[in-house]
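Colleague: I am new to this structure. Please take a close look at one part for me, the aromatic side chains, and walk me through them.

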Amino acid sequence: MHLIKSNKVKLLLCSLISLNLYASNDAFDEKIISDKRLKNFELSHEQIQEDSSKLKKDWINPITYQYTKNLGEDYKTDRSVISINQPIFQSGGIYQAIKYADSTYNYATLNLEQQKKELIKSALNLLYSIEKTNLNILKAKYTLENAKIDVNRKKEQVLNGFLDASFLDNALLTLNSTKNSLVDLKYQKQELINNFNNISSKEYTNFELPTFKMFNEKEFLENNLELKKIEADINKKGNYSYMTMAKYLPSINAFYTYSKYHETDDNTKLSKENDQTFGLTLNIPLDVRTFNDVQSKRIDYLKSKLDLENSVDDEKTFFKTKLEKLAMIDERLQITKDDLEVYDSILKIINEEKEAQIKTQSDLDTLQNSQKIKSLDLKVYEIEKQLELLEMYAKLQ
């Protein structure tokens, strides 16, 4: 299921209902990536498959064909030689070579998947940021309306001698500052759209943002892409360590050679009959560097295990930090909701006073605009929660 298309960006907001809720990875739909970038990922995956297949066959030696034509003054001869020297036993090295190829494929595939996830995360981050900027633009427009109301109020008060001109000057400065902020926000939105277009070949309005829900730490660690990649790296280095050890252990090769003279120029010493030899060879390498090479690969393997332990700690800290950030946003949400309740109660009073001609329409408009700004703050905080959850989901397989 891909990201649902709509006429405009619709942000689906949800609360953190429970630590056991788990959202679908359908949110990470590759449809958001441009066709060219997707093709690049497809070619990279094909390359990984070919490299893995080659590694699986690396233990098989090639069959060699040699053709020799002797153009000497005494005799001219033509000769063909076909030979092969193939290992059939390497103290477990052949089996480990095949396992190494599989583990290399797993690691490279996970690494490629991680790259794709990061690209999709960037695209979704931009979509969320565009929607957040839209809300901030609306907030700026309401702020601008209040600034205009304040300028008109101060102008009237200055002309009537109730206020010094400096108050009007400050109100005008606030008005100009709000106008500039609105211009900046419009530019920021266009910049975000341009960055999104670098990733996707479709309009940003064609996508509906996903809703992310919370999950527990166990699920986060079990499905963590970075940890799975490190585990694959451990398997890869473990297999390579065994391969290195097998290289210095006894091995048995089967060899076969077939030769034939096509032309002997009537040289009686040379026969046109086929000549073939075959047999087995036992190889016992004696290399003073054996221990150092094997130990080096073993240390590399042990280091990768420690990397996993350190990464698990890092991911736990990351998860904990995100939970604390989400809790902080929830606190801000609650404060904003409390503020809105205060605005509701004050608006009722202002309405009554306006009807009694104690307050003016501008007083009411100012307070209503401020209330609208607070309502938009709620939506902005919900987007910030989704951005934090997006960072977490981008790490999941």
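Modeller: Start with Y65, which lies in strand β1, residues 64–71. Keep in mind that this is a predicted model. Y65 counts as exposed, because its relative accessibility is 51% and exposed means over 50%. Y65 also helps to make a nonpolar surface patch. Its partners there are I63, Y67 and I82. The patch covers about 440 Å².

Now to the ring pairs. A pair of aromatic rings is described by the distance of the centres and the angle of the planes. How many aromatic pairs does a search of the whole structure find? The search gives nine. One of them joins Y100 and Y240. Their centres lie 5.3 Å apart, with 40 degrees between the planes. That makes the pair tilted, because the angle falls between the 30 and 60 degree limits. Follow the chain from one ring to the other. Y100 sits in helix α2, residues 93–159, while Y240 sits in helix α5, residues 225–247. The two are 140 residues apart, so this pair links distant parts of the chain.

Is each ring buried or exposed? Y100 is buried, at a relative accessible area of 17%. Y240 is partly exposed, at 35%. The reason for the two labels is the 20% limit: Y100 falls under it, whereas Y240 does not.

Turn next to F196 and F207. Their ring centres are 6.0 Å apart. The planes meet at 70 degrees, so this pair is edge-to-face. F196 belongs to helix α3, residues 165–199. F207 belongs to the loop between α3 and α4 (217–222). Here 11 residues separate the partners along the chain. F196 counts as buried, with 0% relative accessibility. F207 is buried too, with a relative accessible area of 3%.

Ring pairs also build a cluster. Its members are F212, F215, F220, F318, F319 and Y393. Pick out F318 in that cluster. The charged end of K395 sits over the F318 ring, 4.7 Å from the ring centre. Y107 has a lysine over its ring as well. There the charged end belongs to K236, and it lies 4.3 Å from the centre of the ring.

To recap, look for the tilted pair of Y100 and Y240, the edge-to-face pair of F196 and F207, and the cluster that includes F318. Then return to Y65 and its surface patch.

Notes:
Residues numbered from 1 in each chain as written. Predicted model: local features only at pLDDT ≥ 70, side-chain atom pairs only at ≥ 80, totals over all residues. Heavy atoms only, no water. Phe/Tyr/Trp six-rings, centres within 6.5 Å; stacked < 30°, edge-to-face > 60°. Helix = DSSP H or I, 4+ residues; strand = E, 2+ residues; numbered from the N terminus. Buried < 20%, exposed > 50% of the residue type's maximum accessible area, 1.4 Å probe, protein only. Lys NZ or Arg CZ within 6 Å of the ring centre and 35° of its normal. Patch = residues over 30% accessible without salt bridge, like charges linked within 9 Å, V, L, I, M, F, W, Y side chains within 5 Å. Areas by Shrake-Rupley, 256 points an atom, 1.4 Å probe, with all protein chains shown as cover. Salt bridge = Lys/Arg side-chain N within 4 Å of Asp/Glu carboxyl O.
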